[in-house]
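Please look through the structure below with some patience, since the paragraphs that follow move from one residue to its surroundings and then on to the aromatic rings.

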Amino acid sequence: MTFNMPGMGGSGAPTEEEAPRRRGVLIPTIIILALLVGSFVLFTGFYTDWLWFKSVEKTQVFTTSLVTRAVMFAVFGTVMGLAIGISMWIAWRTRPTFRGMTPEQASLERYRIAIEPYRRRLTVIVAAGLGLVTGLTASAEWGTYLLWRNAVPFGINDPQFGIDLSFYTFELPFIRFLIGFGFGLLFMCILVVIAVQYVYGGLRLQPKGDRASGAAQSQLSLLIGLFVLLKAVSYWFDRFELATQSQQLVQGFTGLKYTDVYAVLPALNILAAVSILVAALFFVNVFRRHWVIPVIGAVLLVVTSVVVGTVYPMIVQQFQVRPSELVREQPYLDRNISATRAAYDIADSEVADYAGTVSPPTPEVMTASAGTLNAIRLLDPAVVSPTFNQLQQIRGYYSFNNKLDVDRYDLQDNKRGAIVATREINLAGIPDGQRNWTNDRLVYTHGYGLVAAYDNTALSNGQPDFFESDIPPTGGLDVTQPRVYFGELSPAYSIVGAPAGSAPVELDYPDDASPTGQKTNTYDGTGGVPMGSLFGRVLFATKFQDANILLSDLVNPDSRIMWDRDPLTRVEKVAPWLTLDQDPYPVVADGRIKWIVDGYTLSNDYPYSSRVSLSEATSDSESTRTLPSTLLPRDQANYVRNSVKAVVDAYDGTVTLYAWDATDPILLTWMKAFPGVVEPVSSMSPDVLAHVRYPQDMFKIQRTILSRYHVTDASTFYNGTDVWIVPNDPTVSPAQVFQPPYYLTLQMPGQEAPTFSLTTTFAPQRRQTLAAFMAVDSAPGDGYGKMRVLQLPSNTTIPGPQQVQNNFESDPLVSSQLSLLRQGGSDVELGNLLSLPFNDGLLYIEPVYIRANTEGYPLLRKVLVGYGSNVAMENTLDVALTKVLGQNPDSTAEPTPDQGGTGGTTPTPTPTPSSPTTGDPATDLTIAIAEAQSAYDDGQLALAKGDFAAYGEAQARLKAALDAAAVAQSELNGGMLPESTPAPSPSPNETQAEGTAA
């Protein structure tokens, strides 16, 4: 017997009726599943973001931004959707019942029949689609809305309209957005009404009777009237836009000109009045339904806009302004100069004349300048990163950033300059055979320690003189928590933490004394987000698209996950309204490693202030800035303040914002929008405060503005006879990028003591001489931010950086030594060319590094010094200064411990040969030959002057260099050292450094 199930054939196959039914169920099921998966992925993104903000105790940033965006999306999207839907419904509702039988209408009738079953759906789709696009666009303006909603007055009125500047920076941008939204809404309504009325016969191209029905005329008249009325409103606010509009008067000029005040402003008033009149004609036409008068009014508006808005201002400019432009524009140039200097916080900069003469310094000058000369920074943070890596990397999975940082520390009750870097984890350094998910995500989770070297000295072998180094850390910084879980090189995400008593999994640091060769650790901090539950695993497996998070046995109930670990990323998320300096720097404070990040508040709507391109102003030979991905991404700005100092803890990732400029109205506005996010600077730890410095990007922007706006006289500014430029960096090839500013400890004229400062030079436009030197006090205190400019006489030819570099390399003795050093496969790397005011002139210092080969690391071997026409390249700074200045800087003043006891130089060489630590005998031989040549030349010069003491010293150096050459030559030949030249014993410092490198 054969039994058949219902709906089944004898063979068990689906019946013909059942198959379509099952296919009909399958498609909706797939759609529902796709929607569920998509919804969960979307939920994952929002919820994990909220968890991240919760981990840094800044959930108000997430909720405020999310709610504001949602409200903006809902309000503007709904308004647009309803306006479009109602317009389409009214156009359909008022369609004519009789359309006439023209070929056009016969053709359209087929479309009407086809559309009718789907008319309501089509209306909803069009309205919802436009509403969705509008809502998304509007939600992106949530920052503009918050600025308008929480605006704080500047307390300064603009000189033309007498309105507080907050109107321009906070209110006018949002009004501009509303007007743009209104134009878009009305334009789309007009388009859909025309489309619907045309399809249903309200508008006809082939007339049989009227071309437009009465209802179509009324609807379109109303919409066009509203459009023209909104144009009147736009004309009215365009008057205020003139105060922030860039002009062609002179380069960078912003604000109203004479023609704007006496021609454009009256023209905008007239156009606003005419627009209101024309709008009234269209409103009347809603009832009269006769197009002649409204069309005449529209033509009148166009003609008025051409004659009054364009022709009349051109006549005023050509016949009133141009014949005596400077006289007419002088008041407005004064406005621009004053506003620009205030907007960039350079109004209080001191510009003083500086002689720029070169004369032999007296003993009194040398004594007074000892603090500057002994603190000259010789280590270049942009060059010595490979050296730090070679000597302090310890293992290949650690690394230092490509550019190190400049800081200062109190050591033995004395302030010393330092080059610092954090030893961070580098997954790319793990051998390929050890790369797996467990190692990448659970074992290699953090870096270890901060490394610091004196910035004004080095060991005799050219290596940095470290005062904080090794693992575990040794030195004088007292780092109680050296682990770096949050840094610039941290992995995308790591999973840390374990229950108490379980075996540690994380690699802490290598330890040869341990049986396993390493110490392990379990993270016990509060950083990251707990994720050990099943739901947490699913959540983050979805977020990172990594099933291992769900499947790994090493993920436990106490696990925490860390992501977005870069200091810049963390501060950017917590304060999306800030533009960040691109150089965060590590400090040791309160026993922990912390990152300091400078945050700027910007505006592009400060009246009368000239604009600057952030990417152009802040890019130089060491850094290139791209457009920021912040809440208000912009490349142009005409107002900037360093309003916030952010601190990121390297162990737990805590982000703390401090109100550094509590008087900034933009910061106060954002603090009102996000209460509790920014703390008063009084709560900053004194240890952190001691390491605050003036930010580089802020200084770069200010020097770009000062290159023109150091001039405060309107006539000189207009004529452009005293324009400066930032010189190109001569130490890079080709020299086509700006020279970066440099942190130096120096004493400017008028200062009582040397101060940690950020410095730069200026050159005259289209020349390579020196125009000015600028320094800003960078040490926290009463003088912080004080900007001093030394302006050189325009009738002198003081060499600028490029000319000084040419003088260095064209000097016969220096050129011959550099040629010798570049032989034998060695590379010569020129460090930063430093400029220092000294004895009414400029002193130039440039360290010279030798790299053994392409795989070697740079060592400080020489120092170039220039003063006037005198040039010297020696092993030590003291010797080079003695040659160019005529006297030893150490002979007039005893160095204090604050200056390291070396006069800010490399240690003075002894007559014994230096230990060849480059690892390449050919390079050591080249260096020794160059030193021998230098000693011989110095001896001949001393002999010619009759200075037998200097001649004896030069002969001792010559012997030492020849001995070193003999040692290097012997190693090249594979032989032993001669008995008469014993191998030198390294100093304790050298032994330690060599052991570390090994």
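Is Ser707 buried or exposed? In this predicted model, Ser707 has a relative accessible area of 9%, and because the limit for calling a residue buried is under 20%, Ser707 counts as buried. Its place in the chain is within helix H21, which covers residues 696-709. From there, the side chain of Ser707 reaches the backbone oxygen of Thr704, at a distance of 2.5 Å. If residues up to four places away in sequence are left aside, Ser707 touches Asp722, Val723, Trp724, Ile725 and Phe762.

Helix H21, whose residues are 696-709, also leads us to a charged residue and a ring. The charged end of Arg708 sits over the ring of Phe717, 5.2 Å from the centre of that ring. Elsewhere in the sequence, the charged end of Lys231 sits over the ring of Tyr235, and here the distance to the ring centre is 4.8 Å.

Rings can also pair with one another, and a search of the whole structure finds 46 aromatic pairs. One of them is formed by Phe167 and Tyr168, an edge-to-face pair with 5.4 Å from centre to centre and 80 degrees between the planes. It is called edge-to-face because planes over 60 degrees apart are given that name. Phe167 is buried, with a relative accessible area of 10%, and Tyr168 is buried as well, with a value of 0%.

Finally, ring pairs can join several residues: Phe76, Tyr145, Trp148, Phe174, Phe177 and Phe181 are linked in this way into a cluster.

Definitions and conventions. Residues are numbered from 1 along each chain as its sequence is written. This is a predicted model: local features need pLDDT of at least 70, side-chain atom pairs count only at pLDDT 80 or more; totals for chains, interfaces and linings use all residues. Side-chain values use heavy atoms; hydrogens and water are left out. Rings of Phe, Tyr and Trp (its six-membered ring) pair if their centres lie within 6.5 Å; planes under 30 degrees apart count as stacked, over 60 as edge-to-face and the rest as tilted. Buried means under 20% relative accessible area, exposed over 50%, partly exposed in between (1.4 Å probe, protein chains only). A charge sits over a ring if NZ of Lys or CZ of Arg is within 6 Å of the ring centre and within 35 degrees of the ring normal. Helices (H or I, at least four residues) and strands (E, at least two) are DSSP runs, numbered from the N terminus. A polar contact is a pair of N or O atoms within 3.5 Å; within protein, one must be able to donate a hydrogen and the other to accept it, and residues adjacent in sequence count only if both atoms are side-chain atoms. Contact means heavy atoms within 4.5 Å.
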